[in-house]
Amino acid sequence: MVNDVAKAFDISAGLPADFAKNRRLLSTSITSGKSDAIEKAVQRFKGTSPEERDLIAQSLENPALLNSIMDPKRRSLVQGMADLQRDAFAGIAQREVGAGVLKQAQVQDVLSKHGGYVPYVFDDTSTLESLLTKPVRQLSGKHRFAKERSLPSFAEAKKLGATTDIAKLSAVREASGDRAVKINQFLDNVFANPDWAVKIPEGGLNKLQYPGWKTIATNASGGTADKVKTFAVPPEIAENLGKLLNPKSTSTFMRGFDKTTAVWKGVATTMKPG
């Protein structure tokens with residue numbers, strides 16, 4: 001009996017062994033996705049100045065800002081980069097819709113209100129917390145469309161300390177989109193395994209025949225979040241997946257992104273002209 005239990009569970013984490021193995025594979029795949037995302041950003045914006053990358057980011061909601069670039073050839077080049085990035089952001093959103101992470105209505109709502117899409121990402125959330133006294137995750141836009149934004153525009157987000165380097169925003173958005181799709185696929189596999197999850201019956205959790213099983217905590221809405229709320233899982237799995245679905249804050253995610261790649265400062269240098 002003891003040997004059976006040892007085989008069935010990863011003792012260090014208190015998780016089913018197969019679940020723990022697949023969870024580690026997911027983490028490895030997400031880390032790889034971050035590296036791929038930063039490489040794409042480097043190639044896309046190589047040779048641009050910090051000022052140009054700032055303008056590109058702002059122009060995704062306010063295209064007229066690129067008219068401030070006086071050299072017509074340079075303006076045309078930067079405009080082309082902005083157009084490519086706009087298409088890239090749209091492509092990421094559509095992949096998420098196709099994977100069931102987002103609903104099309106969520107994407108259209110953001111685009112109709114803001115005229116375009118650019119992530120509102122904050123390295124340092126202290127200004128937000130002191131001035132607006134609202135949850136950081138609500139103000140961050142979560143890199144995606146999963147929650148209604150509390151800031152009216154990228155210009156306002158910039159005033160409050162939002163990251164304005166479009167290369168970094170592109171990398172973070174690409175990585176978070178990849179992460180969201182992979183997590184959604186992982187959850188589908190979890191929910192398909194009757195040893196790991198069960199559909200919540202009509203009448204709620206109190207009708208379950210599995211004492212202690214619970215839903216996975218998430219404060220998002222639509223797509224993946226709506227699906228998550230319909231299943232109950234063992235408490236140790238609920239805790240693990242709750243942490244996966246709810247990073248402590250955008251700044252935590254950003255620090256993890258920088259730590260994982262450990263190259264952003266060097267990348268920023270290589271993207272400067274000359």
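The chain in this predicted model is built from 13 helices together with 4 strands. Of its 274 residues, 48% count as buried, and the surface that the chain exposes comes to about 13,600 Å², with carbon and sulfur atoms supplying 54% of that area. To see how parts of the sequence meet in space, one can look at the contacts in the chain whose partners have a separation of 6 or more: residues 24 or more positions apart account for 73% of these contacts.

Two residues can now be followed one after the other, beginning with R173, which lies in helix α9, the helix that covers residues 166–191. Is R173 buried or exposed? Its relative accessible area is 0%, and because a residue counts as buried when this value is under 20%, R173 is buried. The side chain of R173 also has a partner in E96, since a polar contact of 2.8 Å joins the side chains of these two residues.

The second residue, N67, is found in a loop, namely the one between α3, which spans 50–59, and α4, which spans 72–99. The relative accessibility of N67 is 53%, and because the cut-off for an exposed residue is a value over 50%, N67 counts as exposed. Where does N67 stand in relation to L55? The two are 12 residues apart in sequence, and in space their C-alpha atoms are 9.9 Å apart.

Taken together, the two examples show a buried residue in a helix, R173, and an exposed residue in a loop, N67.

Definitions and conventions: Residues are numbered from 1 along each chain as its sequence is written. This is a predicted model: local features need pLDDT of at least 70, side-chain atom pairs count only at pLDDT 80 or more; totals for chains, interfaces and linings use all residues. Side-chain values use heavy atoms; hydrogens and water are left out. Buried means under 20% relative accessible area, exposed over 50%, partly exposed in between (1.4 Å probe, protein chains only). Contact means heavy atoms within 4.5 Å. Accessible areas come from the Shrake-Rupley method with a 1.4 Å probe; for residues, only the protein chains shown count as cover. A polar contact is a pair of N or O atoms within 3.5 Å; within protein, one must be able to donate a hydrogen and the other to accept it, and residues adjacent in sequence count only if both atoms are side-chain atoms.
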